[in-house]
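These notebook entries record what I looked up in one structure, topic by topic. I begin with the aromatic rings.

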Amino acid sequence: MFRFLAAPYLQEFEDKSPEKILKRSVDILDTTIFSEIRNYVSNSQASSGGFKDRAGNADLYYTVFGWFTADALGMKEECQKVGPYVSGEISRKNPEGVYLHCAAVLSSVTGMAREFKQSMGARLRKSEGMNEQMLYGAFLSLLSHYYLGDFRSIYRIRRRLTSLSMNDSLPCPVTAASLVLARSFRKPVDGIVDRLMSFYDGNGGFRATRSTPLHDLLSTAVSLYALSFCGYDLREIKPDSLDFTDSLFRDGGFSGHPLDPDPDIEYTFYGLLALGSLNH
């Protein structure tokens with residue numbers, strides 16, 4: 001029954017899921033850049049199968065970005081190594097908070113959704129309010145339950161959405177998440193689009209807050225994804241946003257902002273997400 005109730009709201013998300021948008025980026029990468037990114041992603045994976053944080057340690061959070069990036073690039077061997085790592089991390093560390101959501105998504109994409117729901121499903125449902133920004137917490141829950149195929153929980157999120165506050169004080173990434181939520185559940189989006197565009201700096205990038213002096217790749221990528229998700233016409237900002245994203249390409253990966261000299265796997269994901277969102 002809950003599959004039937006949730007299905008109308010999930011169709012657009014399924015059509016514009018993050019992995020589908022990431023794969024669009026490949027179409028605009030030249031052969032040399034494509035090869036460089038694949039090498040960077042391969043070198044970012046630890047022997048355990050997890051992907052490394054900036055300190056060089058395998059981490060569930062970074063592994064989410066690593067898996068989706070590797071999948072978009074057709075790196076099947078690297079993706080297959082992730083499953084045993086995730087299973088081991090769940091059994092050893094009993095993840096909580098954002099790591100629990102990461103474990104849920106990774107379990108699903110590596111074919112272990114049933115096992116995760118049996119062992120951790122109840123805990124995941126109880127964690128929906130774990131984030132101070134309730135809208136972002138709802139977005140994380142939507143991602144987790146979507147990949148797990150937990151339609152009862154997805155329908156519950158839709159019902160809760162009306163009680164969550166969307167206001168001008170939210171930072172850019174949370175505003176972007178609220179736009180995806182609203183569009184997914186067929187809520188009005190015009191006001192959220194206007195709030196999201198208020199973070200645009202006029203030169204291709206989005207700032208984390210309106211007072212932040214520097215635009216960054218995370219804010220830019222999630223904003224472009226959310227705007228593309230709801231059908232916003234990106235043609236006016238596309239050339240500058242492409243230039244900004246390209247300017248952060250370093251040594252086979254992407255860095256977080258113009259003053260950041262080092263790439264990492266998280267920002268490489270965001271670089272491809274930005275490019276894929278602009279390629280439509």
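**Entry 1. Aromatic rings**

I looked first for rings that group together, and I found that ring pairs join Tyr 61, Tyr 62, Phe 65, Tyr 267, Phe 269 and Tyr 270 into a cluster. I note here that the model is a predicted one.

How many aromatic pairs does a search of the whole structure find? I recorded twelve. A pair of aromatic rings is described by the distance of the centres and the angle of the planes, so I wrote down both values for each pair that I examined.

I took Phe 65 and Phe 269 to begin with. Their centres lie 5.1 Å apart with 65° between the planes, and the pair is edge-to-face. I then asked where in the chain the two partners lie. Phe 65 belongs to helix H4 (residues 60-72) and Phe 269 to helix H15 (residues 265-278), so this pair links distant parts of the chain, 204 residues apart. Phe 65 and Phe 269 are both buried.

I went on to Trp 67 and Phe 68, which also form an edge-to-face pair, at 5.1 Å centre to centre and with 85° between the planes. I found both Trp 67 and Phe 68 to be buried.

**Entry 2. Charges over rings**

I next looked for charged side chains placed over rings. Arg 210 lies over the face of Phe 199, 4.2 Å from the ring centre. The charged end of Lys 16 sits over the ring of Phe 229, at 5.9 Å from its centre.

**Entry 3. The largest pocket**

Rolling a probe the size of a water molecule over the atoms shows where empty space is left. I noted that the largest pocket holds about 610 Å³ of space. It is lined by 27 residues, and those closest to its centre are Phe 65, Tyr 136, Phe 139, Leu 143 and Tyr 270. I recognised Phe 65 and Tyr 270 from the ring cluster.

Which elements give two or more residues to this lining? I listed H4, helix H7 (97-109), helix H9 (134-148), helix H11 (172-184), helix H13 (217-229) and H15. H9 gives the most, with six residues. I also sorted the lining by residue type and obtained 24 nonpolar, two polar and one charged.

**Entry 4. Two single residues**

Is Leu 142 buried or exposed? Leu 142 is placed in helix H9. I entered it as buried because its relative accessible area is 0%. From Leu 142 to Gly 276 I noted 21 Å in space, C-alpha to C-alpha, and 134 residues in sequence.

I then turned to Glu 96, in the loop between helix H6 (82-93) and H7. I entered Glu 96 as exposed because its relative accessibility is 58%, and exposed means over 50%. Glu 96 and Leu 124 are 28 residues apart in sequence, and their C-alpha atoms are 8.5 Å apart in space.

**Entry 5. Cysteines**

How many disulfides does the structure hold? I found zero. Cys 79 is in no disulfide, and the nearest cysteine sulfur, that of Cys 102, is 16 Å away. A disulfide needs two cysteine sulfur atoms within 2.5 Å, so this distance does not qualify. I recorded Cys 79 as buried because its relative accessibility is 11%.

Cys 172 is in no disulfide either; its nearest cysteine sulfur belongs to Cys 230, 13 Å away. Cys 172 is buried, with a relative accessible area of 0%.

Notes. Residues numbered from 1 in each chain as written. Predicted model: local features only at pLDDT ≥ 70, side-chain atom pairs only at ≥ 80, totals over all residues. Heavy atoms only, no water. Buried < 20%, exposed > 50% of the residue type's maximum accessible area, 1.4 Å probe, protein only. Phe/Tyr/Trp six-rings, centres within 6.5 Å; stacked < 30°, edge-to-face > 60°. Helix = DSSP H or I, 4+ residues; strand = E, 2+ residues; numbered from the N terminus. Lys NZ or Arg CZ within 6 Å of the ring centre and 35° of its normal. 1 Å grid on protein atoms, 1.4 Å probe; cavity = no way out; pocket = protein on both sides within 12 Å on 5 of 7 lines; lining within 4 Å. Points joined across faces, edges and corners; volume = space filled by probe spheres on them. Nonpolar A, V, L, I, M, F, W, Y, C, P; charged D, E, K, R; others polar.
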